Amino acid sequence: MRLRRSKGGRGKLEFADAGVNGEPLLVVEDLHTSFRTGRGTVHAVDGVSLTVGRGQTLGIVGESGSGKTVLARSIMGLLPAQDVIKSGTVHFAGHELTAMTPEELRQVWGAELSMIFQDPMTALNPVKRIGRQITETLRLHLNMDRSEADATAVELLRSVGIPSPEVRVRWYPFQLSGGMRQRVMIAIALACAPRLVMADEPTTGLDVTVQAQILDLLRELQRERHMAVILVTHDLGVVATRADDIVVMYAGRIVEQAPAHTLFNDTHMPYTRALMDSIPRLADPSGMRLHAIAGRPPDLIHPPKGCRFSPRCPYVRDKCRESEPPLRTAGSRDHLFACWFPLVNGVPTAPSGRVEARPAPVSPAPRPVPDSFADAVPPDRAPPGDAAVNPEAGVQSP
Amino acid sequence: MPDDRELSNTHAGAQLLSDRVPGSAAFDELVVSRQSESLASDDILVKKPLGFLFWFALSWVGLVVILALIANLLPLPNPNYQNYSAINAPPSIHHLLGTDDLGRDLLSRLIFGARVSLVVGFVSVVVGLLIGGTLGLISGYKGGRLDSALNAGSFVLLAFPAIVAVIAIVAFWGHSLFKITVILTVAVIPLLYRVVRASSLSFANRDFVVAARTMGATSGRIVFREILPNVIPAAVSFGLITAAGVIVVEGSLAFLGLSVALPTPSWGNLIANGATNGNLQINPYIMLWPVLAMFLLLLSINLIGDRVRQRFDVREGLL
Amino acid sequence: MAKYLLRRFIQLVVVSFIISVLAFLLVHLLPGDPTAVILGPNDTPQNKAILLHQLGLNKPLWNQYTIWLTAVFHGNLGQSYLNRESVTHILATGFPIDLELIIISQVIAFAVAIPLALVTSRRPNRPVDNVATTGTFGMLALPPFVIAPILVAVFAVGLHWFPATGYVPFSQNPASNIHGMILPSLAITAGSIAVYYRLLRSDLISTLQEDFITMARSKGLSSRFIMWRHAFRPSTFSLLAGAGVNIGALIAGTFIVEYLFAINGLGYSLVAAVNQRDYLVVQGISLVVAIAYVVIQFFIDFLFTVVDPRVTRG
């Protein structure tokens with residue numbers, strides 16, 4: 001069995017230098033993914049559309065069970081065929097991923113589109129040396145010979161900040177710490193200089209102090225290589241300062257989508273607000289209770305009628321329970337939300353846009369960029385737009 | 001090429017690899033219960049029907065047991081009676097399965113021969129479970145010095161190839177049905193001990209046991225009321241498969257002429273007689289019936305054991 | 001690595017020592033009178049006493065043991081009471097035959113079980129898997145003493161493809177040696193195939209659920225490459241452990257087929273010796289087979305370290 005693909009073999013995909021002519025790198029349209037189970041069909045992803053520009057970062061945020069991981073894997077086409085129903089289209093760099101044969105997909109995976117997994121403990125093969133796990137991609141996609149690939153692997157490990165990489169290439173995953181393993185995983189994902197990296201909760205399994213290092217590393221490498229990143233996370237704080245655009249998912253659907261500063265500054269969807277409130281902040285007085293979102297994510301086999309967030313929404317009205325709000329634009333064209341009574345300055349509105357008289361139970365002030373990250377991100381690293389966005393700039397860095 | 005897709009990506013069994021210690025713990029693995037967290041975990045709650053094969057297997061074992069029990073009451077000729085006027089007779093009304101090279105009735109020999117296999121197989125496992133299982137239950141729960149000693153002892157005993165030890169002992173001690181049963185019982189004790197110990201160990205620190213302990217339950221009560229019921233599925237399913245193994249060993253010994261003394265019939269020596277002395281060419285029935293009966297018996301016992309394992313979700317491991 | 005293997009090696013030595021004590025005691029403690037075998041039951045007590053003295057059987061037990069063990073280390077396992085053939089010679093002729101049988105059968109078993117499991121584990125509970133799994137279940141119910149007569153009836157007596165009995169040494173005629181070994185090997189292979197297939201299949205199925213398999217797919221590696229280079233090795237723990245346990249069944253199997261095919265291996269000699277109460281032959285063969293078994297277990301423990309680096313460094 002040979003690892004290497006035959007040179008100049010048939011069906012070699014050519015990738016248009018997408019993005020140069022203004023076309024986005026990734027366009028997902030009306031993606032649906034369902035699983036057949038013993039109890040019924042789970043609609044894990046239910047009509048999602050999004051775009052990612054070249055070199056851009058898109059954050060996908062949601063609670064566990066919101067379908068964000070399934071969405072990431074559906075975009076890649078990485079889900080099993082058995083008992084999975086898919087529809088919708090995924091355009092990537094001039095190609096239609098959803099129409100590709102498994103053969104063709106394999107030419108894309110790892111080469112143009114790669115993935116960083118949540119748990120570096122389980123996502124690295126425990127019985128293969130880490131060097132080998134990097135070189136197999138290099139040899140497959142870049143047709144390198146063994147010594148060339150070995151040398152490249154050392155360089156890759158060096159670039160992700162692993163000390164004495166010449167020695168470490170011969171190590172096994174269990175000999176490395178969690179943070180080191182995640183660095184190895186990043187090295188693997190970036191080995192063939194992909195255009196898009198899917199990072200599925202890349203820091204969830206790591207210590208808080210290591211989390212920021214890994215995310216910074218990822219951002220640095222992203223800028224260097226000008227690649228796009230989809231950052232999937234349950235933590236709005238993670239994407240707040242790192243994503244260009246943010247998509248908030250709930251029960252398989254997008255409920256709000258906007259550029260990061262717009263989302264934080266002008267939140268329309270009560271669910272997004274609830275997510276923000278659940279982030280602990282340094283500015284909070286000690287002993288203050290965290291805002292948990294009451295209730296649980298809905299059953300995706302029998303989703304609630306009307307707005308899927310309605311059973312948990314503090315501002316729920318009859319209309320919310322009866323019909324489902326469409327995803328519509330707000331003032332600016334790039335801000336989308338799905339809510340009948342969107343928040344304006346933290347206060348729910350009537351359909352006409354008139355501010356309700358009813359007082360809001362949560363703090364009405366516009367939410368600053370969550371600063372749980374303030375300790376991890378040096379002030380000079382914070383995006384320049386932040387000061388303008390944040391009316392209470394003093395809160396950010398204590 | 002639909003090749004890639006069925007490599008599904010759920011997390012079931014993710015922890016199985018990490019807590020796996022090879023070699024020494026081979027036996028411990030097989031009873032560690034599986035905790036599935038797959039996307040389709042709901043399906044596991046739906047119990048698979050036992051199926052036609054299970055009932056067929058159970059019927060066959062039941063039939064063999066009943067026939068062996070009431071063999072004396074059946075209108076069968078004496079299994080050792082040599083009818084020289086009907087040597088190598090084909091199946092007929094008088095001899096339903098035919099006769100052998102000495103004119104003995106094959107059906108009668110088959111039914112009486114079943115007694116040996118069943119007695120050896122089931123007595124050794126039941127006694128083995130009573131002794132080895134009790135030791136394993138206590139040693140797995142209590143731990144400590146007793147556990148270390150028994151554990152080391154069982155390793156040493158299992159380091160021997162059982163068949164060689166059994167043949168050697170048979171050579172010096174003799175081979176009556178009683179002695180064969182005793183020897184094979186001793187041989188299965190360390191095996192059953194290990195299985196039950198591993199299972200007991202896996203329950204010893206579960207919440208419900210800890211809860212019982214904090215409520216002041218005595219060790220004896222915990223072992224027999226809390227742990228024992230949970231260990232039973234693994235013990236039964238492994239016990240059945242061990243019984244099949246013991247029947248194979250007895251059959252092998254009988255085949256080699258080292259089990260019950262001739263002319264007492266046993267399926268192993270019936271097969272040996274059918275396969276040697278030129279009988280295979282002249283009268284293949286002599287071999288055919290015991291081969292079929294043995295095949296079906298082993299198949300049935302294995303199948304029942306496997307269904308028990310599936311039903312109670314005992315991991316396959318070395319079963 | 002060295003530490004782990006050293007520990008295993010010490011275990012090997014200890015178990016071998018215990019085996020030697022038991023093999024020794026087998027002859028000396030269990031009922032049975034060797035002088036009766038040699039001289040016949042009706043000889044005079046004087047003659048018996050002389051023989052006991054000649055055989056060194058009147059010395060203290062531990063003394064006899066050290067004398068015996070020293071002799072064993074010099075390659076002297078005594079000689080048959082019956083025909084004065086040296087036990088070492090019996091072992092030297094018989095052992096290679098058993099080894100050949102076991103090697104041929106294991107090569108066949110792995111060559112069938114591994115590819116089969118790699119194919120069926122990718123689509124568990126689909127038709128191909130169900131057929132293979134049911135088939136191997138049937139094979140589990142075919143121990144050598146059941147399947148060997150069937151093989152002889154069909155392929156030797158019926159079709160005349162293979163000889164029904166006899167053994168030609170490899171050095172004499174390699175082709176007829178292999179030809180004669182095929183049926184005996186097949187007879188002991190069936191069970192191994194079933195055991196190996198089932199163990200590997202169930203481990204593969206759980207390995208294929210692992211994140212690192214999804215990760216390997218996301219790198220664009222082919223299914224074949226993933227199965228062989230990512231999934232196979234971490235799935236071989238139970239397979240190896242099973243192979244270790246299975247060796248015991250294989251030894252029993254070789255005894256059966258040697259008896260049936262009249263092949264002059266250790267099993268054949270052992271059964272003959274048991275039937276004739278030829279104690280020293282029984283003792284010598286038991287000792288050597290038991291130690292060979294322990295050595296194989298040691299080798300398997302070594303293979304664990306090859307398959308998974310965590311065994312020794314984790």
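So, domains first: the assignment splits chain A into domain 1, residues 3–234, and domain 2, which comes in two pieces, 256–282 and 289–398. Keep in mind that this is a predicted model.

How many residues does each domain bring to the contact? Domain 1 of chain A puts in 20 residues, and domain 2 of chain A puts in 12. Put together, the two domains bury about 1300 Å², with 49% of that on carbon and sulfur atoms.

Which residues of domain 1 lose the most area to domain 2? That would be A:Arg39, A:His43 and A:Glu63, which together make up 32% of what the domain 1 side buries.

Okay, on to the charged and polar pairs. Between domain 1 and domain 2 of chain A we count two salt bridges. If you want one salt bridge to look up on the screen, try A:Asp46 with A:Arg308, where the closest N and O atoms sit 2.7 Å apart. There are also three residue pairs in polar contact across this interface.

And which elements of domain 1 give two or more residues to the side touching domain 2? Strand E2, residues 41–52, and helix H8, residues 208–225. E2(A) has the largest share of that side, with seven residues.

Now let's zoom out to the whole chain. Chain A has 14 helices and 14 strands. It runs to 398 residues, and 55% of them count as buried. Its accessible surface is about 16800 Å², and carbon and sulfur atoms hold 51% of that. Last one: take the contacts in chain A with a separation of 6 or more, and 66% of them link residues 24 or more positions apart.

Conventions: Residues are numbered from 1 along each chain as its sequence is written. Chains are lettered from A and ligands numbered from 1 in the order in which they are written. This is a predicted model: local features need pLDDT of at least 70, side-chain atom pairs count only at pLDDT 80 or more; totals for chains, interfaces and linings use all residues. Side-chain values use heavy atoms; hydrogens and water are left out. Helices (H or I, at least four residues) and strands (E, at least two) are DSSP runs, numbered from the N terminus. Buried means under 20% relative accessible area, exposed over 50%, partly exposed in between (1.4 Å probe, protein chains only). Contact means heavy atoms within 4.5 Å. Accessible areas come from the Shrake-Rupley method with a 1.4 Å probe; for residues, only the protein chains shown count as cover. Domain bounds come from an automatic or database domain assignment. Buried area is the accessible area (1.4 Å probe) that two parts lose on being put together, summed over both. A salt bridge is a side-chain nitrogen of Lys or Arg within 4 Å of a carboxyl oxygen of Asp or Glu. A polar contact is a pair of N or O atoms within 3.5 Å; within protein, one must be able to donate a hydrogen and the other to accept it, and residues adjacent in sequence count only if both atoms are side-chain atoms.
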